[in-house]
Amino acid sequence: MTQRRDEETLSGQNSPYLSKTPKHPRSLPRSINYLFKEQRLLFILVGILIGSTFFILQPILSRLGPPQELHPFHALTANQQRQSFQFHRTSSFGAKTGRVPVGIGRRRLRIVVTGGAGFVGSHLVDKLIDRGDEVIVIDNFFTGRKDNLVHHFRNPRFELIRHDVVEPILLERVGAKFLLTSTSEVYGDPLEHPQKETYWGNVNPIGERSCYDEGKRTAETLTMDYHRGAGVEVRIARIFNTYGPRMCLDDGRVVSNFVAQAIRRQPMTVYGDGKQTRSFQYVSDLVDGLVALMEGEHVGPFNLGNPGEFTMLELAEIVKETIDSSATIEFRPNTADDPHMRKPDITKAKELLNWEPKVPLREGLPRMVSDFRNRILNEDEGKGN
């Protein structure tokens with residue numbers, strides 16, 4: 001039987017019905033032939049060259065961008081006392097942060113600033129853009145101005161959305177950190193002086209100022225509820241009186257009132273006897289404090305203000321020295337529930353944020369005056385005066 005199988009095998013090899021003998025694989029020559037056809041290999045090599053060049057040069061180019069104008073967070077609203085400005089921070093493009101390529105210092109963040117076209121907000125945007133972050137500003141321009149941001153319009157890392165935050169806006173939830181800029185007004189007419197963060201305040205809940213005071217207190221409550229109940233990472237800053245360039249000319253705040261009135265050669269309006277005290281911090285100090293708060297590990301609240309305390313009459317005298325020694329003062333009846341004293345205790349910020357203000361009033365005020373002079377001059381020219 002074995003011999004028969006061998007014979008059948010041999011005879012079968014000569015059978016016309018036997019399939020053809022398998023050929024040796026030629027996949028390698030065919031692949032090479034495919035690459036050389038129609039210059040495919042050339043295109044592949046060019047693609048590799050372009051990709052390699054990008055990854056080699058990208059770290060260098062990222063540090064050679066056009067210099068941004070300095071300077072100065074509530075995807076906060078720009079006018080710190082009248083508006084809320086909140087600052088939402090995510091890693092770039094809302095993605096989780098991976099390894100940082102060699103040659104790049106800090107990781108780039110994508111940050112949303114509501115009210116970013118206003119006074120404080122625009123200075124904050126300057127600070128964030130200057131350090132290399134991507135910034136999305138949301139503002140309804142109720143008090144903010146495009147002029148405060150025009151120097152960023154051609155920057156690819158800047159985006160401006162006209163929108164009122166009282167209406168919903170779709171933002172991808174990526175576990176962003178949320179900063180609420182509250183205010184020293186949560187302390188009301190304080191019975192404690194200076195005011196610490198542990199002080200619960202003395203606020204008239206039905207007074208003329210209560211809408212703003214209680215609104216900010218409620219905002220702090222909601223922020224902490226989201227932190228405790230939903231695990232949202234939050235920060236809370238309580239901002240004391242702040243001044244500097246880009247303030248609204250006629251917003252009713254004491255520093256801007258005095259400066260605008262003195263430049264226009266109008267009497268400076270003092271309400272009451274002028275012995276009420278306030279503390280004034282320059283806007284760059286505030287912005288540094290807000291950034292330090294966001295970069296830190298503590299929720300807050302933190303007082304951010306300058307402990308230097310001045311009466312309204314002392315402030316008026318400093319404005320006179322800076323602008324016009326012949327400026328006059330006009331006294332008017334005091335407003336309801338006007339706080340008698342306001343001075344922050346910033347011990348907590350010093351210890352936990354390593355922050356304290358650097359710019360004294362007599363140094364910061366002339367910078368603001370220069371900005372106000374230019375804008376009032378342009379305003380008068382527009383009116384034909």
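Are F280 and F310 buried or exposed? I shall open with that pair of residues, and then move through the rest of the chain. Please keep in mind that this is a predicted model.

F280 is buried, and F310 is buried as well. Their rings form an aromatic pair classed as tilted, with 6.4 Å from centre to centre and 35° between the planes. F280 sits in the loop between β10 (277–279) and β11 (281–282), while F310 belongs to strand β13 (residues 309–311). The two are 30 residues apart, and the pair thereby links distant parts of the chain.

Let me now give the overall composition. The protein chain has 10 helices and 14 strands. It comprises 385 residues, of which 43% are buried. The exposed surface of the chain is about 22100 Å², and carbon and sulfur atoms supply 55% of that area.

I return to the aromatic rings. A pair of aromatic rings is described by the distance of the centres and the angle of the planes. Searching the whole structure yields five aromatic pairs. One of them joins Y187 and Y199: the ring centres are 6.1 Å apart and the planes meet at 25°, so this pair is stacked. The cut-off that decides the matter is an angle under 30 degrees. Y187 and Y199 both lie in the loop between β6 (177–183) and α5 (210–230), so the pair ties together parts that are 12 residues apart in sequence. Y187 is buried, with a relative accessible area of 0%. Y199 is buried too, at 14% relative accessibility. Ring pairs also bring in F240, giving a cluster of Y187, Y199 and F240.

Two rings carry a charged side chain over the face. K348 lies over the face of F302, at 4.8 Å from the ring centre. R367 takes up such a position over Y282, at 5.0 Å from the ring centre.

Next, the strands. Which way does each residue of β7 point? V234, I236 and R238 point one way, and R235, A237 and I239 point the other way. All of these residues are buried, and the strand, residues 234–239, is mostly covered, with six of its six residues buried. Note that the list of buried residues includes two arginines, R235 and R238. Strand β7 runs parallel to β6, and six bridges join them. Within this pairing, L179 stands opposite R235 in β7.

Among the helices, I would single out α6. How many of the 10 residues of helix α6 are buried? The count is nine, so the helix, residues 254–263, is largely enclosed by the rest of the structure. An α-helix has 3.6 residues a turn, so residues three or four places apart point the same way. In α6 the buried residues are V255, S256, N257, F258, V259, A260, Q261, A262 and I263. After α6 comes R265, whose phi is positive, near 60°.

I turn to two loop residues, one buried and one exposed. P357 lies in the loop between α9 (347–353) and α10 (361–382). At 15% relative accessibility, P357 is buried, because the limit for that class is under 20%. Which residues is P357 in contact with, leaving aside neighbours within four places in sequence? They are D285, G305, N306, P307 and I346. Of these, D285 is 72 residues away from P357 along the chain, yet the two C-alpha atoms are separated by 5.1 Å.

E208 is in the loop between β6 and α5. E208 counts as exposed, at 69% relative accessibility. Not counting residues up to four places away in sequence, E208 touches A336 and D337. The C-alpha atoms of E208 and D338 are separated by 9.8 Å, with their positions 130 residues apart along the chain.

Finally, the cysteines. A disulfide is a covalent bond between the sulfur atoms of two cysteines. With sulfur atoms required to lie within 2.5 Å, the count for this structure is zero disulfides. As for individual cysteines, C211 is exposed, with a relative accessible area of 68%, whereas C248 is buried at 19% relative accessibility.

Note on methods: Residues are numbered from 1 along each chain as its sequence is written. This is a predicted model: local features need pLDDT of at least 70, side-chain atom pairs count only at pLDDT 80 or more; totals for chains, interfaces and linings use all residues. Side-chain values use heavy atoms; hydrogens and water are left out. Buried means under 20% relative accessible area, exposed over 50%, partly exposed in between (1.4 Å probe, protein chains only). Helices (H or I, at least four residues) and strands (E, at least two) are DSSP runs, numbered from the N terminus. Contact means heavy atoms within 4.5 Å. Accessible areas come from the Shrake-Rupley method with a 1.4 Å probe; for residues, only the protein chains shown count as cover. Rings of Phe, Tyr and Trp (its six-membered ring) pair if their centres lie within 6.5 Å; planes under 30 degrees apart count as stacked, over 60 as edge-to-face and the rest as tilted. A charge sits over a ring if NZ of Lys or CZ of Arg is within 6 Å of the ring centre and within 35 degrees of the ring normal. Two strands pair if DSSP finds at least two bridges between them.
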